[in-house]
Amino acid sequence: MNSVSLLALAVCALRASCLLTLTLVALFAARRSSAGLRRCVLLFGLSAALAVPLLAVPFPGRPVVLVSTGAVTARVVAEALSNASAAQGLLLSPAVGTVVSAPRMNGAAWLFLAWGLGALVVASRAVVGVILAKKLVNGAQAELAGARVHPGIEGPLVVGLFRPVILLPVAAAEWSAERLRSVLLHESAHVRRWDGLALFSAQCVCALYWFQPLAWLAATRLRRECELAADESVLAAGVRPSTYAEHLLAIARSMHVPASGIAMTARPSELARRIGVLVSREHLPAPLTRGRVALLAACALPVVGFVACADTAPRALSASNAPKAVVPAAPAAGADAKLQSIATDEAARVHREWGAKRVAILVLDPKSGLLLASSDDSPGLPVVPGSTLKPLTVAMALDGDLITPEQRFDCGNGTRAYGEQTLRDAGQYGSLSTAEILAVSSNIGLSRIFDVLGGERLADGLRKFKVGAPPSIPSASLRGAIVAIGEGSTATPLALTAAYGVFANDGVLAPSSERIIKDSTARTVRSMLEGVVTGERATGKAASVPGVRVGGKTGTSDDPDCAVCAQGPGLFASFVGVVPIDQPRYVIYVGVGQPNKEGSGGTIAAPVFARIAARALGN
């Protein structure tokens, strides 16, 4: 259970609360109308509240996007080193590619557990009532005036959901014909209106929203209005109010009311209220006809639909309002017809070959900041960037003169312990230089660089690059290291493409002309990105283009709890590159979400980048 799932439950509860509030307001407005009308109002409102979770499936609204704050993800992928090892799929076993921690429940899980226990307790009461009702029906021994007689009850009842049955006590055989007729008129009204099923539905609403007092209030009022509506049916049949009130009082004396059906006489307070209504009326309200029910439904359904299906979540960011809007939105056909055609063709090919649920291809001019081509199934929807974020972390440390390209870091032979938790690499590395850390995509090496950089500098740097960052990143921590390696926050493909444009444009973000890093830092990082493609143990070899110097970075993220990224949970493989790396013309982003075959950024996205780059350069 994650925070996004808890948010979905909270949204359902909010929608249901709005519906119940509107229902009770409408009930107050109809206080002088017939009880049958008020019963229908309550039944519509409770049914709508019960349907809210079901409506959330076909009408979920837009997903919640948390780009600026990010969320620490549950799984860290250790990227494979070469095509051969990448073909083995994502390294996700505890021994290779995950952050292993002792099982524990977060706050969201505890809240979900508390809700589940409460719902189970309330629902069990409803189930027990159904079972007891079945036993009562089976225990009936005789019939009287079309009803069944049960020796174990002391007053009339209606039991059953889909086959309601009227039960009478043994003493009913001694009732007067007038009293028996009044009782049967009352109970038959319950049967005719399916009040048993209506009250059971109200119990289900109470189980689902047991923490919401409005649900309990609406359910209590529904039971009251069902009884008053049945009373109105008796009076409409010609029974005098005073005589009927005497029958109710006589039956209520020393009567035990079970919880397994609809009792004609309920608690003393409710009975007193009903009798007061009966004897105080000079005439009955207008009866509830089918036409009035249809009119009520016609008025209620639009309101129910609006509240139950309203988009209560923040809308996904579009290309034109990505974090800080660093790149202007491109026209639908792309600023460059040739490049747009290439992007569209390659996206279609990836869909065919990999069966991906999302393909995002962007081509950016780093000098002007113009988006030359864009083919994205979900424009503006953020992704977990994975290792494509690592060059940004390295650039911040280099720009602050905190590390050098040649500086070596202990990579712990592939593991690093943080208390009881362990961060792992895809391979066993001893000592690696900064450039080698990027080339092999070492998580441990990046965690060492993060130790030097610190959480505050990392957060500030990510915001300067306009990719978004969590509000706080603790230094010298596993949580901070996860952010530094690209698994602890989200960013849009457009924002990541623009960030690599800073490397290609000598440290300047176009079109704002804002300097993000020093030009020397940008050139150093470009050299390192070339090593990611050309290095002996590099992860991005498949991105190479014959006769052209290419640089870039692979990224592979796999988060089973990410409901806002890459069109849902699962693998997202990406590659962001600059071509040519020595005289940059294009920054190309390729992202592939949830392919139907195993792979990584180096095996799925990098080859697509290579084809796009070759076609764009006319090779």
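A residue counts as partly exposed when its relative accessible area falls between the buried class, under 20%, and the exposed class, over 50%. That scale is used below for this structure, which is a predicted model.

The aromatic rings are a convenient place to start. Searching the whole structure gives five aromatic pairs. One of them is made by Phe112 and Trp115, whose ring centres are 5.6 Å apart and whose planes meet at 35°, a tilted arrangement. Both residues belong to helix H4, which covers residues 107-139. Along that helix they are three residues apart, about one turn. Phe112 has a relative accessible area of 33%, so it is partly exposed. Trp115, at 23%, is partly exposed because its value lies above the 20% limit for buried residues and below 50%.

A further tilted pair is formed by Phe575 and Phe609, with 4.8 Å from centre to centre and 50° between the planes. This pair links distant parts of the chain, since 34 residues separate its two members. Phe575 is in strand S15 (residues 570-579), and Phe609 is in helix H19 (residues 601-616). Phe575 has a relative accessible area of 0% and is therefore buried. Phe609 also has a value of 0%, so this residue too counts as buried.

The strand that carries Phe575 can be followed further. Nine of the 10 residues of S15 are buried, which means that the strand is largely enclosed by the rest of the structure. S15 pairs with strand S16, residues 586-593, in the antiparallel sense. Eight bridges connect the two strands. In one of the bridges, Val579 is matched with Tyr586 of S16. The chain passes from S15 to S16 by way of a hairpin of six residues.

Rings also meet elsewhere in the model. Phe465, Tyr500 and Phe503 are joined into a cluster by ring pairs.

Some rings have a charged side chain over them. Arg31 lies over the face of Phe28, 4.2 Å from the centre of the ring. At Trp354, the charged end of Lys597 is placed over the ring, at 4.7 Å from its centre.

Two of the ring pairs can now be set side by side. In helix H4, Phe112 and Trp115 are three residues apart; Phe112 is partly exposed, and Trp115 is partly exposed as well. Phe575 and Phe609, by contrast, join a strand to a helix across 34 residues; Phe575 is buried, and Phe609 is buried too.

Notes: Residues are numbered from 1 along each chain as its sequence is written. This is a predicted model: local features need pLDDT of at least 70, side-chain atom pairs count only at pLDDT 80 or more; totals for chains, interfaces and linings use all residues. Side-chain values use heavy atoms; hydrogens and water are left out. Rings of Phe, Tyr and Trp (its six-membered ring) pair if their centres lie within 6.5 Å; planes under 30 degrees apart count as stacked, over 60 as edge-to-face and the rest as tilted. Helices (H or I, at least four residues) and strands (E, at least two) are DSSP runs, numbered from the N terminus. Buried means under 20% relative accessible area, exposed over 50%, partly exposed in between (1.4 Å probe, protein chains only). A charge sits over a ring if NZ of Lys or CZ of Arg is within 6 Å of the ring centre and within 35 degrees of the ring normal. Two strands pair if DSSP finds at least two bridges between them.
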